[in-house]
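Dear colleague,

I am handing over the structure we spoke about, and you will find the sequence and coordinates just below. My notes on what turned up in it follow after that, and I would be glad if you read them with the model open beside you.

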Amino acid sequence: MARSRLHELSDHGVSVWIDSLSRELLETRELARLMEEDAVVGVTSNPTIFEKALSTGEWYDEQLRDVRERVDDPKEIFLELAVEDVQRACDLMRPVWERTKGVDGYVSIEVDPQLAYDRDATYEEAMRLHELVDRSNVYVKIPGTEPGLGAIEDCVAAGRSINVTLIFSLGRHAEVAEAYIRGLERLVADGGDPGRVISVASFFVSRVDTEADRRLEEIGRPDLQGRLAVANAKLAYQRYLEVFSGRRWEALATQGARPQRCLWASTSTKNPAYRDVLYVEELIGPDTVNTMPLETIAAFQDHGVVADTLTEGVDEAAALLEELAKAGVDYDDVVATLETEGVQKFADSFGQLLAGIEAKRSALVV
């Protein structure tokens with residue numbers, strides 16, 4: 001098979017993941033095709049994606065008929081459906097996980113986002129999800145809220161791999177990395193093996209431009225639009241390079257610990273005026289992940305340009321934050337707004353998902 005643009009992207013250190021999972025993707029073997037032809041080596045999902053999957057077609061009807069006979073709680077029904085999808089995808093990805101020695105080949109399932117501000121409940125559900133899926137190559141996703149930081153640390157200390165989601169700010173990204181390292185240090189202190197635990201920090205990209213651009217439009221500074229998301233991510237990568245080096249980290253690395261890679265999420269371009277592969281082309285660098293929707297995968301295969309870009313223009317990225325502040329755009333408020341809205345959107349989708357399951361279950365005839 002001819003090597004594609006996405007295979008070339010992988011050669012530059014970017015792990016290509018897909019940001020959706022569904023029974024249809026599995027049954028039609030589309031996921032298997034994506035792995036072969038599009039260099040896909042991981043899968044992420046979220047409540048919004050599952051909501052769409054469950055509301056489309058009849059892919060889940062047979063299992064719903066079975067589950068409804070013994071389960072009443074819509075959330076428990078959802079978990080049975082989602083866990084089967086995740087298990088099947090994990091099994092499909094297992095050879096990748098083995099080939100990469102546990103770096104790629106992961107499939108993610110998310111903690112109920114309605115628990116995002118409850119540390120203990122998030123921890124308990126994350127541990128339960130790990131047990132339900134029961135695969136070495138599953139990531140449980142925990143939102144990077146302030147209470148979520150403690151749950152992340154606790155899960156890592158318990159030897160569980162975590163995908164930290166909904167990260168928008170440089171400050172929160174630093175706190176997420178610290179939570180991961182503290183968790184590893186606790187694990188080691190208790191005699192655990194840090195080499196069996198891994199994490200990614202899912203740094204959301206396009207939404208940053210969407211929110212910043214709206215504010216820049218209001219103050220008449222279109223010249224600064226479409227730049228913050230990439231600058232933000234580039235500065236986050238610089239922090240990653242700093243944190244996962246030096247004496248403290250080396251003490252863990254010598255015992256087998258692996259760094260918490262940056263995962264670029266929300267990488268579809270929301271503004272049609274921007275290049276549709278902007279958030280892939282501008283964030284190419286070693287030891288990173290880019291999780292893409294199907295349309296972005298197709299677009300990059302068609303016309304994506306591969307070049308090492310992630311470490312270019314770092315000084316300009318830092319200068320942009322200063323320029324935005326002078327223009328009247330409050331960075332801290334932008335990212336805080338995005339975190340709050342991101343958690344709420346996922347919580348709303350989860351609520352709609354459960355309502356949809358209840359409606360579909362009631363409509364099915366045994």
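To begin with the enclosed space, the largest cavity holds about 60 Å³, and please keep in mind throughout that this is a predicted model. A search of the whole structure finds one cavity of 30 Å³ or more. The residues that line the largest cavity are Ser-45, Asn-46, Pro-47, Phe-50, Phe-78, Ser-108, Ile-109, Glu-110 and Phe-350, and by class they divide into five nonpolar, three polar and one charged. Helix H4 and strand E3 (106-110) each supply at least two residues of that lining, with E3 giving the most, namely three residues. As general background, rolling a probe the size of a water molecule over the atoms shows where empty space is left.

The open spaces come next. The largest pocket has a volume of about 950 Å³, and of the 42 residues that line this pocket, the closest to its centre are Asp-19, Asn-46, Thr-48, Ile-49 and Lys-52. Two or more lining residues come from each of helix H2 (23-27), helix H4 (47-55), strand E5 (162-167), strand E6 (199-204), helix H10 (206-218), strand E7 (261-265), helix H14 (294-303) and helix H16 (331-363). Of these contributions, that of H16 is the most, at six residues. Should you wish to set up a chemical description of the site, the lining of the largest pocket has 13 nonpolar, 18 polar and eleven charged residues. Asn-46 appears among the residues closest to the centre of this pocket and also in the lining of the largest cavity.

The second largest pocket contains about 360 Å³ of space. It is lined by 18 residues, and Trp-97, Ser-136, Gly-159, Ser-161 and Arg-196 lie nearest its centre. By class, the lining of the second largest pocket has five nonpolar, six polar and seven charged residues.

Turning to the framework, the strands form a closed barrel of eight, running E1-E2-E3-E4-E5-E6-E7-E8 with parallel pairing. Neighbouring strands of this sheet are turned by 30° against each other on average, if direction is ignored. In general, strands of a sheet pair through backbone hydrogen bonds, either parallel or antiparallel.

How many bridges join strand E1 (residues 14-18) to E8? There are five, and the two strands run parallel, with Val-14 having Thr-288 as its bridge partner in E8. On the other pairing of E8, three bridges link it to E7 in the parallel sense, and there Leu-263 has Val-289 as its bridge partner in E8. E7 is in turn joined to E6 by five bridges, again parallel, and Ala-201 stands opposite Cys-262 in E7. Strand E4 (residues 138-143) and E5 also pair in the parallel sense, over four bridges, and the partner of Val-140 in E5 is Ile-162.

Burial has been examined for two of these strands. Five of the five residues of strand E8 (residues 288-292) are buried, so E8 is largely enclosed by the rest of the structure. In a regular strand the side chains alternate between the two faces of the sheet. In E8 both faces are covered, since Thr-288, Asn-290 and Met-292 on one side and Val-289 and Thr-291 on the other are all buried. Six of the six residues of E5 are buried as well, and E5 is therefore largely enclosed by the rest of the structure.

Among the helices, I checked the length of H11 (residues 228-243): at 1.5 Å a residue its 16 residues should span 22 Å, and the end C-alpha atoms are 22 Å apart, which agrees. Buried residues in H11 include Leu-228, Val-230, Leu-235, Tyr-237 and Tyr-240.

Lastly, two backbone angles deserve a look, given that most residues other than glycine have a negative phi. Ala-39, although not a glycine, has a positive phi of about 60°; Ala-39 is found in the loop between helix H3 (30-37) and strand E2 (40-43), and at 7% relative accessibility it counts as buried, the cut-off being under 20%. Lys-101 has a positive phi near 55° and its place is in the loop between helix H6 (74-99) and E3, but at 69% relative accessibility Lys-101 counts as exposed, for which the cut-off is over 50%.

With best regards

Note on methods: Residues numbered from 1 in each chain as written. Predicted model: local features only at pLDDT ≥ 70, side-chain atom pairs only at ≥ 80, totals over all residues. Heavy atoms only, no water. 1 Å grid on protein atoms, 1.4 Å probe; cavity = no way out; pocket = protein on both sides within 12 Å on 5 of 7 lines; lining within 4 Å. Points joined across faces, edges and corners; volume = space filled by probe spheres on them. Nonpolar A, V, L, I, M, F, W, Y, C, P; charged D, E, K, R; others polar. Expected span 1.5 Å × (residues − 1). Buried < 20%, exposed > 50% of the residue type's maximum accessible area, 1.4 Å probe, protein only. Pairing = 2+ DSSP bridges. Axes fitted to C-alpha atoms, helices over the stretch in contact; angles between N-to-C directions.
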